[in-house]
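Colleague: I keep reading words like "buried" and "parallel" and never know what earns them. Can we go through this one together?

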Amino acid sequence: MKISVVIPCYDKHFLDLSKRMVELQTSTNKPDEVIISLNGCKNIDHKKIELLENRCKQIFTNFLIIKNEERVPRPEARNLTYDYITSDIICLCDADDRIHPQRIEITKYFFEKYNISHLLNSYILSECQKSNNCCLLCDSGKPNKFINY
């Protein structure tokens, strides 16, 4: 069972892509395919896009950046990737959201063990959002850091 990670990204989050690639590279299981839908490319130095692309092609077996000069909404950016996906499972990750180190491993586990067609996960805040001297997650009794499962 193969897993593709699809990452919609617009120019203002371009610098976050390097962090996401490191998270995927150092995760417990690497994805079989990574596809980035990069929009707003006219606002990004094309040499930086090429550098990211060349670096990631050395890390991931199947890696692709779909480039759109104009900005498009996130759903449309995701839709631009679907004709290129070659895997059985699609993991959607936004460029500005951290990726759990076991995300691919856990996703694969549930799809292989159970007869499911969709898996929805929760998220953690990237920064503590204080309310009454406590972050929203701490206040609700939830962890504010990734947990290994």
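**What earns the words**

Modeller: Sure, and let's start with a pairing: strand 1 and strand 4 pair in the parallel sense, over 4 bridges. Keep in mind that this is a predicted model.

Colleague: What makes strand 1 and strand 4 a pair?

Modeller: The cut-off is at least two bridges between two strands. Strand 1 and strand 4 have 4 bridges, so they count as a pair. You can find some of them yourself: V5 has C91 in strand 4 as its bridge partner, and I3 has I89.

Colleague: How do you know that strand 1 also pairs with strand 2?

Modeller: By the cut-off of at least two bridges again: strand 1 and strand 2 are joined by 7 bridges and run parallel. One place to look is P8, whose bridge partner in strand 2 is S37.

Colleague: Why are strand 3 and strand 4 called the edge strands?

Modeller: Look at the order first: 4 strands make an open sheet, arranged 3-2-1-4, with parallel pairing. Strand 3 and strand 4 each pair on one side only, and that makes them the edges. Neighbouring strands in this sheet are turned against each other by 20 degrees on average, ignoring direction.

Colleague: And what lies on the sheet?

Modeller: Helix 1 lies across strand 1, strand 2 and strand 3, and runs at about 165 degrees to strand 1. Helix 4 packs on the sheet as well, touching strand 1 and strand 4, with its direction at about 140 degrees to that of strand 4.

Colleague: Why are helix 1 and helix 2 called roughly parallel?

Modeller: Their axes cross at roughly 5 degrees and come within 11 Å. Angles under 35 degrees count as roughly parallel, so helix 1 and helix 2 get that label. Where they meet, L17, S18, M21 and Q25 come from helix 1, while L52, R55, C56 and I59 come from helix 2. Sorted by class, that contact has 5 nonpolar, 2 polar and 1 charged residues.

Colleague: Helix 2 has a glutamate, E53. How do you know whether E53 is buried or exposed?

Modeller: Check its relative accessible area, which is 12%. Buried means under 20%, so E53 is buried. Leaving out residues up to four places away in sequence, E53 touches F63, I65 and K67.

Colleague: What makes strand 1 "mostly covered"?

Modeller: Just count: 7 of its 8 residues are buried. For the whole protein chain, buried residues make up 38% of the 149 residues.

Colleague: Which residues have the most contacts inside the largest nonpolar core?

Modeller: That core has 26 residues, and those with the most contacts inside it are I7, L17, M21, L24, I36, L38 and F63. The elements giving two or more residues to this core include strand 1, helix 1, strand 2 and helix 2. Strand 1 gives the most, with 4 residues.

Colleague: Which residues does M21 touch?

Modeller: Setting aside residues up to four places away in sequence, M21 touches I7, V34, I36, L52, C56, F60 and F63.

Colleague: Why would such residues gather like that?

Modeller: In soluble globular proteins, nonpolar side chains tend to be buried together.

Colleague: Last one: how many helices and strands does the protein chain have?

Modeller: There are 5 helices and 6 strands. From the N terminus on, they run β-α-β-α-β-α-β-α-β-β-α.

Terms used. Residues numbered from 1 in each chain as written. Predicted model: local features only at pLDDT ≥ 70, side-chain atom pairs only at ≥ 80, totals over all residues. Heavy atoms only, no water. Buried < 20%, exposed > 50% of the residue type's maximum accessible area, 1.4 Å probe, protein only. Contact = heavy atoms within 4.5 Å. Core = buried A, V, L, I, M, F, W, Y, C linked by side-chain atoms within 4.5 Å. Axes fitted to C-alpha atoms, helices over the stretch in contact; angles between N-to-C directions. Parallel < 35°, antiparallel > 145°, perpendicular 65-115°, else oblique. Nonpolar A, V, L, I, M, F, W, Y, C, P; charged D, E, K, R; others polar.
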